[in-house]
Structures are given as C-alpha cells and as structure tokens.
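Q: Take a close look at one part of this structure for me: the salt bridging, whatever there is of it. Put it in the context of the rest of the chain too, and keep it relaxed.

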Amino acid sequence: MQSKAKVKNDRGFYHPVTAALLCPVKYPKDSGFVLVNLFMHCFLLKYKLRSIDAIRAGKLPVTAQLLPRFLFPDDHVYDSEDISHNVLRGHVMIRVILIICSSYFSYSFL
C-alpha cells in the first residue's frame, strides 16, 4: 500500500489551481469566468476545462515556447505577433517581486 505522500497524481495539470496557472496564454479561456479568492489578495480565474482536459489527454502540446498564464495580467489577450507584451505583469509575478524587494531591503540594513 502506498502512502499518501508518495502519490503524485494530483499535481501539475491534474490540480485545478496549478493547471489554471500553468495553462499557456495561447490557449483560449472561457468568457464566463468565476473569480476565486485564494489566500487573502490572490485572485485566480477558473478556466474552461476543455483546454486543460485536452492538455491532460495530450491533444494540446505544452512546450517551453508557450508562456504560462500566471506571467500575464488577468485581462491579457494573446497576440501571436508580440507574445512578450505584458509579460511578468501578472498578479503572481508582482507579488513575487514585492516579496523579493521587501526582504532585500529589510536584510540590507542589518
């Protein structure tokens, strides 16, 4: 019998929140979004399951060239001509930068 710690079938694209973050911005999202409050100020969108199910089934490829959705703002529209437009402006990335900067300044004065 395997312990719960060794079972990894609920990670990556099989976890709903992680799948929504990792889903490439190129793939379509549903117009009927529902905001989900995670932690205190972190908002995520529930994405249409068809894209995520197709990724799980191997019908939609996910490569290193396809940038994940968490790098972009929630209202970002994919543009194939300029894929780097608004990159690193997503809510997750802004919070990471704020945490890094605040920890740098708090330790630089010690």
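**The salt bridge and its surroundings**

A: Confidence first, since this is a predicted model: the protein chain has an average pLDDT of 77, and 70% of its residues score at least 70. That confidence is uneven. Helix α1 (residues 16–22) has the highest mean, at 86, while strand β2 (residues 42–45) has the lowest, at 43. Across residues 30–48 the pLDDT stays under 50, and the model has 33 contacts beyond four places in sequence for that stretch.

Now for the layout. The protein chain has three helices and two strands, and starting at the N terminus they come in the order α-β-β-α-α. Your salt bridge sits in helix α2, residues 49–57.

Searching the whole structure turns up one salt bridge. Its partners are arginine 56 and aspartate 53, with 3.4 Å between the closest N and O atoms. As background, side chains of opposite charge can pair when their charged atoms come close. The spacing here fits the helix: because arginine 56 and aspartate 53 are three residues apart in helix α2, about one helical turn separates them. As for burial, arginine 56 is partly exposed, at 30% relative accessible area, and aspartate 53 is also partly exposed, at 38%.

Helix α2 spans residues 49–57, and the largest nonpolar core takes in Ile52 and Ile55. The other members of that seven-residue core are Phe13, Ala19, Cys23, Tyr27 and Leu66. Alanine 19 gives you a direct link: leaving out residues up to four places away in sequence, it touches Ile52, along with Gly12 and Phe13.

Another core member, cysteine 23, is buried, with a relative accessible area of just 1%. Cysteine 101, by contrast, is partly exposed at 35%. While we're on cysteines, a disulfide is a covalent bond between the sulfur atoms of two cysteines. The whole-structure search finds zero of them here.

Zooming out, 23% of the 110 residues in the protein chain count as buried. The chain exposes about 8,300 Å², with carbon and sulfur atoms supplying 63% of that area. If you look at contacts between residues at least 6 apart in sequence, 48% of them join residues at least 24 apart.

So, back to your close-up, the picture is one salt bridge, joining arginine 56 and aspartate 53 about one helical turn apart in helix α2.

Notes. Residues are numbered from 1 along each chain as its sequence is written. This is a predicted model: local features need pLDDT of at least 70, side-chain atom pairs count only at pLDDT 80 or more; totals for chains, interfaces and linings use all residues. Side-chain values use heavy atoms; hydrogens and water are left out. A nonpolar core is a set of buried Ala, Val, Leu, Ile, Met, Phe, Trp, Tyr and Cys residues joined through side-chain atoms within 4.5 Å. Buried means under 20% relative accessible area, exposed over 50%, partly exposed in between (1.4 Å probe, protein chains only). Contact means heavy atoms within 4.5 Å. A salt bridge is a side-chain nitrogen of Lys or Arg within 4 Å of a carboxyl oxygen of Asp or Glu. Helices (H or I, at least four residues) and strands (E, at least two) are DSSP runs, numbered from the N terminus. Accessible areas come from the Shrake-Rupley method with a 1.4 Å probe; for residues, only the protein chains shown count as cover. A disulfide is a pair of cysteine sulfur atoms within 2.5 Å. pLDDT is the predictor's confidence in each residue, from 0 to 100.
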